[in-house]
Amino acid sequence: MEENFESLVERSVERLKAYSPLEMERDVARKRLAWLADHRSLTDISERPTPRQAFDWLFFKYMGLSEAELPVLSETSTEIVWHSLNRCPTLEAARRLKLDTRQICRAVYEKSTQAFLSQLDPQLRFLRSYTKIRPYANYCEEKIIRVNFEEMMKLAIEEARLSRQDGNKGYGAVVVLGREVIGKAHDTALTEHDPSLHAEVNAIRQAVRALGDTNLSGAILFSTCEPCPMCSSLAVWANLTTLVYGVSIEETSEMGKARIRVAANEIVEKSPVMMEVLGGVLREACRSLYG
């Protein structure tokens with residue numbers, strides 16, 4: 001076992017030396033999704049898996065860890081919180097290379113873990129504390145929660161209605177980290193005489209100020225309408241994990257709205273970051289805003 005762990009550490013050291021965090025992140029995500037595709041049919045899992053089921057799949061079935069290594073602190077139907085105590089090759093490799101696990105683990109493992117969960121259910125979200133992380137604590141505190149996408153989109157729809165009341169174009173956006181709303185805004189381009197002030201821009205700026213950090217990894221952007229290329233690009237530069245919209249650019253273009261017909265997915269696919277794009281949440285309610 002000792003030799004096996006040492007070989008894993010040496011492999012992690014070599015990867016950290018040879019590859020960028022983004023390259024490692026994409027590789028980890030690819031391996032996790034490939035394993036899930038091969039194994040998902042072998043074990044019972046509900047159509048809407050619980051955080052506990054996702055926890056079991058990721059750590060016990062895929063990673064092969066034990067319950068003793070991951071003591072659960074609390075558990076409900078919508079949340080599971082635990083401490084990771086397992087021997088970690090990345091932790092040891094970072095120590096040897098004098099790298100900060102708060103940066104390495106966030107850059108390599110946060111979005112790749114979310115990619116695994118999103119294949120089970122996109123509303124399951126992975127969160128890690130970067131103040132309670134080894135070696136700066138004796139454990140890594142992590143959780144999986146369920147975020148209600150429809151509830152969050154309803155907040156964006158409320159913002160879109162406020163936009164119209166204020167004399168703007170009727171778009172709304174919300175940025176959420178876990179279940180906490182850290183940005184909520186509508187477009188103000190007309191009333192503030194600034195064409196850059198789309199709803200997503202305003203919401204992302206609020207979120208950055210709320211966190212005091214330009215890196216919004218882990219956060220979700222909800223938008224009533226698929227973000228334009230400018231706003232999708234801003235989501236990329238803010239390193240958001242997920243972009244969720246109601247009605248698409250194509251649909252609103254066909255309804256007579258002036259849109260640049262470049263899909264958010266196209267921007268993300270040509271960008272340097274991993275970000276999932278999910279459309280059609282409360283689509284009809286969002287579509288009715290622009291009819």
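**Exercise 1. Place proline 89 in the fold and decide whether it is buried or exposed.**

Proline 89 sits in helix H4, which covers residues 89–97. (Helices are DSSP runs of H or I with at least four residues, strands are runs of E with at least two, and both are numbered from the N terminus.) A quick word on the input: this is a predicted model, where local features need pLDDT of at least 70 and side-chain atom pairs count only at pLDDT 80 or more, while totals for chains, interfaces and linings use all residues. Residues are numbered from 1 along each chain as its sequence is written, and side-chain values use heavy atoms, with hydrogens and water left out.

Step 1: check accessibility. Proline 89 has 18% relative accessibility, so it counts as buried. (Buried is under 20% relative accessible area, exposed is over 50%, and partly exposed is in between, with a 1.4 Å probe and protein chains only.)

Step 2: list the neighbours. Leaving out residues up to four places away in sequence, proline 89 touches Phe5, Leu8, Val9 and Ser12. (Contact means heavy atoms within 4.5 Å.)

Step 3: look at the backbone. The C-alpha atoms of proline 89 and valine 13 are 8.6 Å apart, with their positions 76 residues apart along the chain.

**Exercise 2. Work out the strand order of the open sheet and say which strands stand at the edges.**

Step 1: get the order. The four strands run S1-S2-S4-S3, with antiparallel pairing. (Two strands pair if DSSP finds at least two bridges between them.)

Step 2: find the edges. S1 (72–76) and S3 (124–128) each have a single partner strand, so one side of each lacks a neighbour in the sheet. On average, neighbouring strands here are turned by 15° against each other, direction ignored.

Step 3: see what packs on the sheet. Helix H5 (residues 101–120) touches S3 and S4 (140–146), and its direction makes about 160° with that of S3. (Angles run from 0 to 180 degrees between N-to-C directions, and axes are lines fitted to C-alpha atoms, for helices over the stretch in contact.)

Step 4: walk through the pairs. S1 and S2 (residues 79–84) are antiparallel and joined by four bridges, and a hairpin links them through two residues. Serine 74 is opposite valine 81, and valine 72 is opposite tryptophan 82. On to S2 and S4: they pair antiparallel over six bridges, with serine 84 bridged to cysteine 140.

Step 5: check S2 for burial. Five of its six residues are buried, so S2 is largely enclosed by the rest of the structure.

**Exercise 3. Describe how H2 packs with H3, and how H7 packs with H8.**

Step 1: pick the descriptors. Two packed helices are described by the angle between their axes and the distance between the axes.

Step 2: take H2 (residues 21–39) and H3 (residues 51–62). They pack at about 95°, axes 12 Å apart, which makes H2 roughly perpendicular to H3. (Roughly parallel is under 35 degrees, roughly antiparallel over 145, roughly perpendicular 65 to 115, and the rest oblique.) Lys31, Arg32, Trp35, Leu36 and His39 of H2 meet Trp57, Leu58, Lys61 and Tyr62 of H3.

Step 3: take H7 (residues 199–211) and H8 (residues 229–237). Their angle is about 20° and their axes are 9 Å apart, so H7 and H8 are roughly parallel. Glu200, Val201 and Ile204 of H7 touch Met230, Cys231, Leu234 and Ala235 of H8.
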